[in-house]
Every structure is written in structure tokens, then in C-alpha cells.
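Student: I am new to this structure and would like a close look at a single part of it. Could you take me slowly through the surroundings of the ligand, and then show me where empty space is left inside?

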Amino acid sequence: MRKLEQNDLNEIHALSQKARAAILKMTTLAASGHPGGSMSTIDYLLTVLHMANIDPSQPRKEDRDLILFSHGHVSPAAYAALGIMGYFDLDKAIAQFRMTGSIFEGHVEPGVPGIEWASGNLGQGLSAACGFALASRIQKIERNIFVLMGDGEQQKGQLSEARRFAVKYNLNNIIGFIDYNKLQISGNIERIMPQNIKAEYEADDWYVLEIDGHDLQQIHKAILEADAAARPTVILARTKMGKGVSFMENKAQYHGAALTEEQLTQALHELGFENDLNKYKQLRTIAELEKPSTYPQPKFNFDTGKPFQYDEKIDNRSAWGNAIADIAKLNPNSNLAVLDNDLQGSLKTKKFEAEMPQNFFECGIMEHHTATMAGAMSKAGIQTFFPGFGVFAIDETYNMHRLNDINHTNLKIVTTHVGLDVGEDGKTHQCIDYLGVMKNLFHFHIIIPADANQTDHIVRYVANQKGNYLISMGRSKYPQIKNAAGEIYYNQDYKFEYGKADQLREGQQAAILVMGTMTTRALQVADKLREDGIELQVWHISAPIHLDEAALKTAAATGTIFTYEDHNVNTGLGNCVADKLVQMNLQCKLFKFGVEDYSFSGKSAEVFQKCGLDTDSVYQKIKELM
Ligand SMILES: Cc1ncc(C[n+]2csc(CCOP(=O)(O)OP(=O)(O)O)c2C)c(N)n1
């Protein structure tokens, strides 16, 4: 950490006044934004930028310290400070703030040089810091990770999850700052939600320093102390919202309100500047938008070995556990990690832990934290697998994955217990919306393996992919899928291709489209109908949001498509197929068999029967419809 002299502090003081002027100008120009918290944050932000190991001319240099903004609404402070440090032209940031198409968005985005992580959904930054810290440890990069947070933000529960994690795994290179201005949108933090922030961090065994957040000497000293501390440290910086402009100070209304042009003139005068807003108005009309800064992409090059082949009845989750352990064995000391939320036995990750104990992280029942942390680790270049039951790793954590997706992470989510196939746990544990929920995230690939053999191929395939992937599977043991000749379909010669549908049976009278472990049932239905002389095509759709057009054409040419799934019938495979049929202008009848309400707690076979989704019911329905 760079030590500063008095003349450095004097310079930072002058720069912070300039930054305050920039914050006010950009928010007035955009007629929106968050000047209040930006002005309380700016003194310690500029001090951090002067002390950290960073180089504005190489914003993504490998061993840089990382500075994360958890309270992404202080984007004016971020842009003002980074512009002043030379990451980009400050005038452009002022002129382009919140302009449509500009990188200087309302909440921080990694398209801006110097920004590491998009935020705006409060409460997630500390988890992201943990993810970057774990990644640095695995990659053997020594660095500090600063994370800047609000005080109102401390009300979010995910922060307490992150605090515990940071202490459990000794993430001593995390230095948190809390902008303790005592105000949030609707007024005083004590009135909105009483909380003893200091005591909470101390109770979780953090090292806590409390300082005057506008006193540069105190800030400097606290950062040095935090750097030397053998524990994760948080600096509670007592500040004033709107600091530096008399009529803005300690006024909650300036949390999220820009000054009028008259107010701006007065405020700039107090700060010692002229109002030159007209210059920026002009720049805004002729602005050539800054191009987004690129973020280093990881290169995954794991030895993925040889696929296992299963002949017996086995569950997909065991196949996933075996495959990931095999990859770990073949790639010791690599950038591969697996996380857990107290479900290791069910999720079959014990073999992975035995192979790679240092890269297995037990995160407790803290899924929100884990989802964000996993995203950050993956962005930093660790091939991160986040396994969980569908209801926890998808439904519970959807918003974290949404922010991960916005951050262009490389996350690999592996969910088990999707569909009705969860044993007797009942409706709370039946994730019947995994596809409907996750297909909203534009950069996710969704893969639903048919059996254990295909699961093995898919896990090995995904291990070398960039970007976000979801692999979803049920709980039970199923026989391995066979072709019409009775041979294993997904054998060792099979090659998984994302988006390619697998034709498992031929037929001309109709087609059944199915995904995941429902494939076994669909084959039973088709084989029974064949005995009655009704010949159905059976297609396994492993990538329902990237449907195979050729397969759909062939299926539609029969005149009738049945979709068969243990997913919510309104948002699942049937709807993906319906959409695509219309887009491709294919005409045929479409019948959707799926889950029509929250279901029952019982033995899988009985649950399927009660929902009308067992093979006998579907066989009967198809016979009636043909
Ligand atoms: C999860 C979440 N809930 C609500 C909001 C809306 N919101 C934006 S800022 C804010 C208040 C934050 O207060 P604080 O952390 O004290 O920041 P300051 O007012 O000091 O800038 C709220 C509720 C949000 N961005 N994220």
C-alpha cells in the first residue's frame, strides 16, 4: 500500500473539491442521479485511489488492487474520481453521464475503465469482494480488495452472510468502507431501521475502525492499519451527505436529486468554481460516445478426460459428481472451484472435495451470498460451479444471477431436484419453474440432460466453456436412454453439441418433444403406442432456449407435436416450442402436457400419477387426441 505525505493529502483535498464540482455538474446536466452519497464518499475514494496498486494507463493490469462499488448509485463519485485519476477524459464523463448508450450509466458498469463489477442492487458488493478474494487466492495474486458500501445498505441480510464467509476463509485482504452519513432515501437510518452496524461487524469478528470520513489524515492512517490487519477490516467513515455545499449537507433529499441550474451556480461558487455547464451542454449534443472498456476473458483449457459410460440405473446427480471429480483429478491445482450450501451429500460433491480440498468451499445456508460470490469468482477467471437444489440455486437467488449475468460472468450453475422428481419433500422443494425463470437471463445457456451418460458428456463440455450455463436435473435414478435397437444412446462416441436435439425414435404420425429425465417416460409412452400401431417421433431437447430448427421442422411435418414435461406448463418447454413454431411459420397442432398447479408430497410415481403426467395417463391422452 502506498504511503502518502502531507503534500499528497493537500493534493487530494484539492482534487476532491474538483470531483465535487464534477459530481454536481453531471447530475444537473442529466437532471438526475445521486449527488448526496457521492459527495460523502469522495474524500476516501480519492485517497484509496492514491494508495492502491493501480495504474490508470493499464486499467486491467493483472495484479491490480480491486475497487468495488457496492452502492452503485454513487456512480457520479466513481466517474469523477476515476476521470480525475486519468482512467478516461473527465469532461466526457460529465457530458455523457446517464446519456442513452453511454458507458457512464446511472449505476456503475464494468464498461467503464476502473469499474470491476456492476452494482445497483444493494447488498451484494461484499459477496463479490469475497469472490474476487477467493479467486486471487487460487490464482496466487496478492492484492487488496476495497469495497465501498452505504450505511443504509447495511440493512440487507446478504451482508451478514458475506461477513461470516470472509472471516471463515480469512479473506484479510478485504478492506470495506461504509459511508456512515446516517441518511438514506427516506430519511435517517435509525428511524428507517435501527441497527448497530459497528457491533454487528465486531460480533462477526471483523476488525472495525471508525473515523471522520472527511479527514484525509485519518483516512490515510485507517487504510494503512486495515492493510496490516490480520482480519477482514471495515472502516466506518463518519461523513456528511452532500458534504462541501452548505445547503446540501445532511439533507436526505439530495440522496437522489440533482441541483437546479441556479442551485448549481451557488454550489460551485462555494466550492470555488465558475458554472461552466454550457460547455458540457454543448459537449453532450456532439458527444461521440466512449466505447466500453474490455474485461480480460478467461481461457479455460481443462483436460476433460474420457467420458464414463453407465449401463445401469443411476441418477444424473451422481454422474455430475463423478465427472467433476474426474476433471479435478486430471487438473490438480487448476482454476476450478465447487461451492456448497450445506447439501454436499445430495449434490454429490464429496469426491470433488477429496480430489481438490483447497478449491471446495462450504458456504453454509447462505445462498444469496454464494450466488454473487460464485459470479465474481467466475468473472475473475475461476471455472466456478455452483451446485444446489433448483429452488435454492435458482428461485431463491434469481436476482443475484441476474446481476451476475449483467456482469458477464462465467458461472456454471448445476441444479438437482428440478421438476416433480424430488421424492416426498413436496411442493416447496419442487422447482417446476427453472426454465421459465432462467430463460429471462439473456446470456445464460440452459441444458437439461436426459440421463447419466449425457450428464457426464455435458459436465465435461461445460467445463471448458466461457459464459453462463445452467445444467438442471432431477433427483431419481433412471435407466440409461437407448435407441430403437436397444443400444446406449449417449455412449462414449457421442459428442454433445449445444442446441442440437436428439432423435431417439422415428415415426410419422406425431412427435413428442421432451427434456431431461422425462425422456425415459416419453420413450415408454412412445414404445407402448408403437405396439398399438401409432408411430411417434421422440426428440430429446437438451437446450430448450436454443431450439434445434431442423428438428422442429421434422417434428412439425408430422402435423402434431406433444410436449411432455414436469415443469410449469405455462412457462416451460411447451412454450419455447410454441414460440419457435410461430417464429418459423411452421403449422401443426400442439398439445402441452405439464404441471398445472403446485403439486403434492409423495412418492414420485404417485405424484406423477396425481398430476396426470405418468406414462399411462399421457399414453391415454395421446390416444384420445390422435
Ligand atoms: C436491494 C435494493 N433495494 C432498494 C434499492 C433502492 N435504493 C437505492 S439507494 C437506496 C438507499 C441507500 O441508502 P445508503 O446506503 O445509506 O446510501 P446513501 O443514501 O448514503 O447514498 C435505496 C433504498 C436498491 N438500489 N437496491
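Tutor: Keeping in mind that this is a predicted model, we can begin with Asn181, where an N or O atom of the side chain is 2.8 Å from an oxygen atom of the ligand. Leu183 also comes into the picture through its backbone, since one of its backbone N or O atoms lies 2.9 Å from an oxygen atom of the ligand, while a backbone N or O atom of Leu122 is found 3.1 Å from a nitrogen atom of the ligand. The ligand would expose 580 Å² if taken alone, and the protein buries 75% of that. Around the ligand there are 15 residues, and the closest of them are His73, Gly120, Asp151, Asn181 and His255; by class, this shell holds nine polar, four nonpolar and two charged residues.

Turning to empty space, a search of the whole structure finds three cavities of 30 Å³ or more. The largest cavity holds about 70 Å³ of space, and its lining, which includes Leu49, Ile54, Phe69 and Tyr87, is made up by class of seven nonpolar, three charged and one polar residues. The second largest cavity has a volume of about 60 Å³, and of the 13 residues that line it, Val418, Tyr434, Gly474, Thr517 and Asp566 are the closest to its centre. Because domain 2 (314-478) and domain 3 (502-625) both give residues to the lining of the second largest cavity, this cavity lies between them.

Notes:
Residues are numbered from 1 along each chain as its sequence is written. This is a predicted model: local features need pLDDT of at least 70, side-chain atom pairs count only at pLDDT 80 or more; totals for chains, interfaces and linings use all residues. Side-chain values use heavy atoms; hydrogens and water are left out. On a 1 Å grid over the protein atoms alone, a cavity is a set of points where a 1.4 Å probe fits but cannot get out, and a pocket is an open set with protein on both sides within 12 Å along at least five of seven lines; lining residues have an atom within 4 Å of a point. Grid points are joined across faces, edges and corners, and a volume is the space filled by probe spheres set on the points. Ala, Val, Leu, Ile, Met, Phe, Trp, Tyr, Cys and Pro count as nonpolar, Asp, Glu, Lys and Arg as charged, and the others, Gly among them, as polar. Domain bounds come from an automatic or database domain assignment. A residue is near a molecule or strand if one of its heavy atoms lies within 4 Å of it. A polar contact is a pair of N or O atoms within 3.5 Å; within protein, one must be able to donate a hydrogen and the other to accept it, and residues adjacent in sequence count only if both atoms are side-chain atoms. Accessible areas come from the Shrake-Rupley method with a 1.4 Å probe; for residues, only the protein chains shown count as cover.
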